[in-house]
Amino acid sequence: MFKKILIANRGEIACRVIKTARKMGIKTVAIYSDADRNAMHVRMADEAVHIGPPPANQSYIVIDKVMDAIKQTGAEAVHPGYGFLSENSKFAEALEAAGVAFIGPPVGAIEKMGDKITSKKIAQEAKVSTVPGHMGLIEDAEEAVKISKGIGYPVMIKASAGGGGKGMRIAWNDDEAREGFQSSKNEAANSFGDDRIFIEKFVTQPRHIEIQVLSDGQGNTIYLGERECSIQRRNQKVIEEAPSPFLDPKTRKAMGEEACALADAVGYSSAGTVEFIVDGDKNFYFLEMNTRLQVEHPVTELITGVDLVEQMIRVANGEKLKIKQSDIKLNGWAMESRLYAEDPYRGFLPSIGRLTRYRPPEEIAKKDVVVRNDTGVYEGGEISMYYDPMIAKLCTWGPDRASAIENMRVALDSFEVEGIGHNLPFCSAVMDHPKFVSGDITTAFIEEEYPDGFEGVTLDDDALARVASAAAAMNRVAEIRRARISGRLDNHKRKVGKDWVVSLQGKDFKVKVKADTEGATVKHKKGPKHRVTSDWTPGDSLANLMVDGSPLVLKVDKASGGFRLRTRGADMRVTVRTPRQAELAALMPEKVAPDTSKLLLCPMPGLIVKLDVEVGDEVQDGQALCTVEAMKMENILRAERKGVVSKINAAAGDNLAVDDVILEFE
């Protein structure tokens, strides 16, 4: 077995590989850029080597620099993680030439399957059903339009060397095909150093289901079930689960056998994933093969008990698989929520900054519940603008799908993140969405269910009553503390009232709080009474309560006259007043937000790639105004209404902060 391996990656996947290497008694080497000098993966590894400036194309994807780190440390093998150099055949060749093992597939398999155009052709030759499209290279935007018309809109414009949603656009007409072609080329060049583009038919109402394969390259290839990856935003997966709620055993077996046949056809070894588009009639079409470990691999590990990283290392060491297809049994259900440094209230745009609070839920491994958090950050660390916005993968397991979802709900509510915008509220909202709960999902889920973006969750009346009861009980605890500190409370006469008005999400709940040594009973004037118990004390940022015997987890912040409470995707300003205070508050005028309708504000920290308008231009609703790049993604900002540009405050190449004014309109 190897004595030392280098991880040619960063963040949570580097930490994930280090954990398995430790378990196997293998020493590890981390590489890091200037931006990652204090990163978690650097702290966890036995050794660390600096490889350059923050941009990936000057550090993590520079093959010579990685090879130098290997020579310096004497690493015998390299695990590439995903992204960066994981599917770069030139890197695999360089390792082979240096006598260093690549913990991944052979060079030939990477070249055949890693390139999406080539893989499509091979799949067609192997009689694997594929999506209609143009497999040849495309020279310019006008050719892209011509091809798109021939295939028929809508089409998917994709980077040949792409992955992780980079260099991918959907076009519904000629203008979007032109625009998408150029943006895809730019993103592909920046992320992969390869700007080749191809176009295929975009299948509407599809499910994205992938098969995990594992091969030793010595005649043994197996599949480890499937993963449902249909909850996507900008072609980037957000929620994954295993198995799929849609497949039946017959379809699973057919897809698995086809995936294994494709792997064998290219002489595959190591872990890999064959992705399919599946329609409503369970017809499946080969999409692509990822010749690397997938981001969402933990859900497969949770339902099979197989450590995929360990198997990759053993295969790279020349070992045969000890697992047979008959050994693979799918046990229970697993969910994964990707925690992104993206603000869901700003259209999921990237958010950077310092993690002033980062406290994941406790990891659990019990008979009926598992909570696992794969992460690469820590409280006080910095989220950089240079890399992918994913900072953690929260996973839960349960005996069935309903329990896995419920375990995820509690885990998400218990996950504390402050200092940056993040998508935890959105993940919570998905877990409660009727369509998701029923399993009735497609890749259009987010677009269809949140067409105007995510604006938070409005809880139903029963849930609001539970939260209001909890707030009233918590307020009583806080009032007693304040009274003691001020001297208004002594052992002989309590001066904390029982009658309160709790206001949240536009509703008022008049309640009477009756406390005892075990908790409090909160009686609603118009409604039932709730029994609330908790060990919460003022100042705690997380409250684990029981309301009528059911758990309720609240993130708690101080607020004038009450609390800011967050749960199940809802972010609520909660006031708890005496009846007289509530009467007076009703007479106060509401604060009016400033008018920014004549300004184009930068929605995220980023780089201005180009401006599409000049002073004096008349713009139409939906017209492209400028392009902002952040976290390796280009974002086109468009006009929300017709207007005339009166002033331009930024130029291409400028770095802007959130809410910096880019354009002004008359």
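Two residues are in contact here when heavy atoms lie within 4.5 Å of each other. The structure is a predicted model.

**Nonpolar cores**

By that contact rule, Phe436 touches Ile231, Ile239, Glu241, Met335, Arg401, Ile405, Val430, Met431, Ile441 and Phe445, leaving aside residues up to four places away in sequence. The largest nonpolar core has 74 residues, and within this core Ile5 and Phe436 touch the most other members. Apart from it lies another core, of 34 residues, which includes Ala473, Val532, Leu552 and Phe563. In soluble globular proteins, nonpolar side chains tend to be buried together.

**The N-terminal strands**

Strand β1 (residues 4-7), helix α1 (residues 11-23) and strand β2 form a right-handed β-α-β unit. Four bridges join β1 and β2 in the parallel sense, and Lys4 has Lys27 in β2 as its bridge partner. On β2 there is also parallel pairing with strand β3 (residues 47-52), over five bridges; Ile31 stands opposite Val49 in β3. Strand β2 (residues 27-33) is mostly covered, with six of its seven residues buried.

**Salt bridges**

The model contains 54 salt bridges. Three of them are listed below.

| Pair | Closest N to O distance |
|---|---|
| Arg292 and Glu87 | 3.1 Å |
| Lys237 and Glu210 | 2.9 Å |
| Glu382 and Arg354 | 2.9 Å |

Arg292 forms its salt bridge with Glu87. Because Arg292 lies in the loop between β14 (284-290) and α10 (297-304), and Glu87 in the loop between β4 (77-79) and α4 (89-97), this pair ties together parts that are 205 residues apart in sequence. Arg292 is buried, at 9% relative accessibility, whereas Glu87 is partly exposed at 22%.

Lys237 meets Glu210 in a salt bridge. Lys237 belongs to strand β12 (residues 236-242) and Glu210 to strand β10 (residues 207-215), so the pair ties together parts 27 residues apart in sequence. Lys237 has a relative accessible area of 9% and is buried; Glu210, at 0%, is buried too.

The side chains of Glu382 and Arg354 form a further salt bridge. Glu382 is in strand β22 (residues 382-383) and Arg354 in strand β18 (residues 353-354), so this pair ties together parts 28 residues apart in sequence. Glu382 is partly exposed, at 48% relative accessibility, and Arg354 is partly exposed, at 45%.

Salt bridges that share partners also join Arg16, Lys23, Glu301, Asp307, Glu310, Arg314, Glu319, Arg372 and Asp374 into one network.

Technical notes. Residues are numbered from 1 along each chain as its sequence is written. This is a predicted model: local features need pLDDT of at least 70, side-chain atom pairs count only at pLDDT 80 or more; totals for chains, interfaces and linings use all residues. Side-chain values use heavy atoms; hydrogens and water are left out. Buried means under 20% relative accessible area, exposed over 50%, partly exposed in between (1.4 Å probe, protein chains only). Helices (H or I, at least four residues) and strands (E, at least two) are DSSP runs, numbered from the N terminus. Two strands pair if DSSP finds at least two bridges between them. A crossover is right-handed if, with the strands pointing away from the viewer, the path from the first strand over the helix to the second runs clockwise. A nonpolar core is a set of buried Ala, Val, Leu, Ile, Met, Phe, Trp, Tyr and Cys residues joined through side-chain atoms within 4.5 Å. A salt bridge is a side-chain nitrogen of Lys or Arg within 4 Å of a carboxyl oxygen of Asp or Glu.
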